[in-house]
Amino acid sequence: VEEVLNSDDPIAQRLKVAKMLRSKTSYAVINAETGVSTATISRVGRCLDYGCGGYDLVLERLEKEREA
């Protein structure tokens with residue numbers, strides 16, 4: 001699980017951004033820690049708020065895998 005979230009892969013970076021947004025981390029902190037642009041952070045945020053739940057589904061599955 002950690003290897004997925006710590007990867008340099010763009011999808012992994014977006015998942016990390018989604019996780020940080022879910023924990024109410026500010027855009028500035030996310031940008032500083034991940035190097036992801038604020039535009040991408042905003043897009044991920046919109047997906048979390050108005051999307052079909054894909055990020056939440058993947059994050060839940062990764063969390064379950066971590067607990068197993």
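This report walks through a few residues and helices of a predicted model, starting with one helix and its neighbour.

## Helix α2

A good place to begin is helix α2, which covers residues 10–22. Helix α2 has 13 residues, and the distance from its first C-alpha to its last is 18 Å. That is close to the 18 Å expected at 1.5 Å a residue.

Several residues of α2 are buried: A12, L15, V17, A18, M20 and L21. In an α-helix there are 3.6 residues a turn, so residues three or four places apart point the same way. You may like to keep that in mind while looking at the buried positions in α2, among them V17 and L21.

## How α2 meets α3

Two packed helices are described by the angle between their axes and the distance between the axes. For α2 and α3, the angle is about 145° and the axes are 10 Å apart. The crossing of these helices, α2 and α3, is right-handed.

Which residues make up this contact? On the α2 side they are Q13, K16, V17, M20 and L21, and on the α3 side they are Y27, I30, E33 and T34. Sorted by class, the contact of α2 with α3 has five nonpolar, two polar and two charged residues. Three of the α2 residues named here, V17, M20 and L21, are also buried.

## T34 in helix α3

Helix α3 spans residues 27–34, and T34 lies in it. Is T34 buried or exposed? T34 counts as buried because its relative accessibility is 16%, and buried means under 20%.

The side chain of T34 has two backbone partners to look at. The side chain reaches the backbone oxygen of I30 at 2.6 Å. A polar atom of the T34 side chain also lies 3.1 Å from the backbone nitrogen of V36. Leaving aside residues up to four places away in sequence, T34 touches Q13, K16, V17 and M20. Those four, Q13, K16, V17 and M20, are among the α2 residues that meet α3.

## A32, also in α3

A32 has its place in helix α3 too. A32 counts as exposed because its relative accessibility is 64%, and exposed means over 50%. From A32 to G53 there are 21 residues in sequence, and their C-alpha atoms are 26 Å apart in space.

## The loop between α2 and α3

Two residues are worth a visit in the loop between α2 and α3: K24 and S26. K24 comes just after α2 and takes a positive phi of about 65°. Most residues other than glycine have a negative phi. K24 is a residue other than glycine, yet its phi is positive. K24 is also exposed, with a relative accessible area of 74%.

S26 is partly exposed, at a relative accessible area of 36%. Between S26 and I41 the separation is 15 residues in sequence and 9.8 Å in space, C-alpha to C-alpha.

## T40 in helix α4

Now move along to T40, which lies in helix α4, residues 38–50. T40 is buried, with a relative accessible area of 12%.

What does the side chain of T40 contact? Polar contacts link the T40 side chain to the side chain of S37, at 3.1 Å, and to the side chain of R43, also at 3.1 Å.

## A68 after α5

The tour ends at A68, in the segment after α5 (54–67). A68 is exposed, and its relative accessible area is 88%. How far apart are A68 and K24 in sequence and in space? They are 44 residues apart in sequence, and 26 Å apart in space, C-alpha to C-alpha.

Note on methods:
Residues numbered from 1 in each chain as written. Predicted model: local features only at pLDDT ≥ 70, side-chain atom pairs only at ≥ 80, totals over all residues. Heavy atoms only, no water. Buried < 20%, exposed > 50% of the residue type's maximum accessible area, 1.4 Å probe, protein only. Polar contact = N/O pair within 3.5 Å; in protein donor to acceptor, adjacent residues only side chain to side chain. Contact = heavy atoms within 4.5 Å. Expected span 1.5 Å × (residues − 1). Axes fitted to C-alpha atoms, helices over the stretch in contact; angles between N-to-C directions. Left-handed = near helix turned anticlockwise from the far one by under 90°. Nonpolar A, V, L, I, M, F, W, Y, C, P; charged D, E, K, R; others polar.
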